[in-house]
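Open the model in your viewer and set it to cartoon. Keep the selection panel at hand. We will go stop by stop.

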Amino acid sequence: MKNLNNLPSFDKTIQPSWLIEFTRRLILLNQPFIQNFKAWHFQPGMRFQENDQWWRPGSSRPAPHEGVDFCCFIDKAGGLVYLQPECGIPALFKGRVAALFDDFLGRSLYIIHNNNGRQQSGVIYAHIQPTPEITVGRMIKAGEVVGVTAAQRQPGPLRPHLHLTMCRAAVNVPPPTNWQTIHRLPIELINPLSRQEDRRHKKMP
Ligand SMILES: [Zn+2]
């Protein structure tokens, strides 16, 4: 096991702590494809609630973005590097697989990371190909590989990427079975990059 402290000295001051850990694990998992990582790069439309289609500049999304898209980063030489298809994806926190369903690029995996008896909160990992061991009900460790980014369906600007949605709902709300139900169910979407939410996620077991 490599010493995580020797990994890239990217700017940790402006990021939620889950993202620092997630990025470290992603780099370790995907060597040598992710090298000289400096910082994530978000084009307009990649962040929470943004309206642009980043793959089609000038076009709008049908609904504000439900999460964050991880597609490319800036390397230490200042170059823009896109994630490869089949980039290994580590779980952000420990939890339990609550749902698995198709999306328009691959599959979406919903892991409930916290349940205090009244409210449940979790993460949807979208546009991935989950590993075969990932089944509903399975317990997941923090950092466990849950899948790889799905390949492009067709040549074009919509590159392979990981979409992350963070959400919370009352415990009696059923897990979503597709993206339409996410909009219909009383599920509150959270900005994954918000520092305020970061404090809450730190309390997760
Ligand atoms: Zn997205």
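What follows is a short tour, with a selection at each stop.

**The whole chain**

Start with everything shown. This is a predicted model. The protein chain carries three helices and 12 strands. It has 205 residues, and 36% of them count as buried. Of the contacts with a separation of 6 or more, 56% link residues 24 or more positions apart.

**A three-stranded sheet**

Select β1, β3 and β4. They form an open sheet in the order β1-β3-β4, with antiparallel pairing. β1 (37-41) and β4 (80-82) are the edge strands, each pairing on one side only. Look along the sheet: neighbouring strands are turned by 35° against each other on average, direction ignored.

Now keep β1 and β3 (residues 72-75). Four bridges join them. For a landmark, select Ala39, whose bridge partner in β3 is Ile74.

**β6 and its two partners**

Select β6, residues 95-102. Then add β7, residues 107-115. The two run antiparallel and are joined by six bridges. They make a hairpin with four residues between them. Show Ala99 and you will find Tyr110 as its bridge partner in β7.

Next add β9, residues 139-140. Two bridges tie β9 to β6, again antiparallel. Gly95 stands opposite Ile140 here.

**β8, the enclosed strand**

Select β8, residues 119-130. Is this strand enclosed or open to the outside? β8 is largely enclosed by the rest of the structure, because 10 of its 12 residues are buried. Colour its partners one by one.

- β7: seven bridges, antiparallel, with Asn114 opposite Ser121.
- β11 (162-170): eight bridges, antiparallel, with Ser121 opposite Arg168.
- β10 (145-149): three bridges, antiparallel, with Gln129 opposite Val148.

Select Ser121 again: Asn114 in β7 faces it, and so does Arg168 in β11. Then go to the hairpin of β7 and β8, where three residues lie between the strands. Gly117 takes a positive phi near 95° there.

**Asn115**

Select Asn115, in strand β7. Is Asn115 buried or partly exposed? It is partly exposed, because 15 other C-beta atoms lie within 10 Å, and a residue counts as buried at 20 or more. Leaving out residues up to four places away in sequence, Asn115 touches Gln120 and Val171. Draw a distance from its C-alpha to that of Ala169. The viewer should give 9.7 Å, although the two residues are 54 apart along the chain.

**The nonpolar core**

Nonpolar side chains tend to be buried together in soluble globular proteins. To see this here, show Leu109, Ile111, Tyr125 and Ile128 as sticks. They belong to the largest nonpolar core, which has 44 residues, and they touch the most other members. α1 (17-29), β2 (68-70), β7, β8, β10 and β11 each supply at least two residues of this core. Colour by domain next. Domain 1 (4-82) and domain 2 (89-202) each give the core at least three residues.

Last stop: zoom in on Leu109. Which residues is Leu109 in contact with, leaving aside its neighbours within four places in sequence? Its contacts are Val97, Leu100, Ile124, Tyr125, Ile128, Pro130, Ile134, Val146 and Gly147. Two of these names, Tyr125 and Ile128, appeared beside Leu109 at the start of this stop.

Terms used:
Residues numbered from 1 in each chain as written. Predicted model: local features only at pLDDT ≥ 70, side-chain atom pairs only at ≥ 80, totals over all residues. Pairing = 2+ DSSP bridges. Contact = placed C-beta atoms within 7 Å. Core = buried A, V, L, I, M, F, W, Y, C linked by C-beta atoms within 7 Å. Domains from an automatic or database assignment. Axes fitted to C-alpha atoms, helices over the stretch in contact; angles between N-to-C directions.
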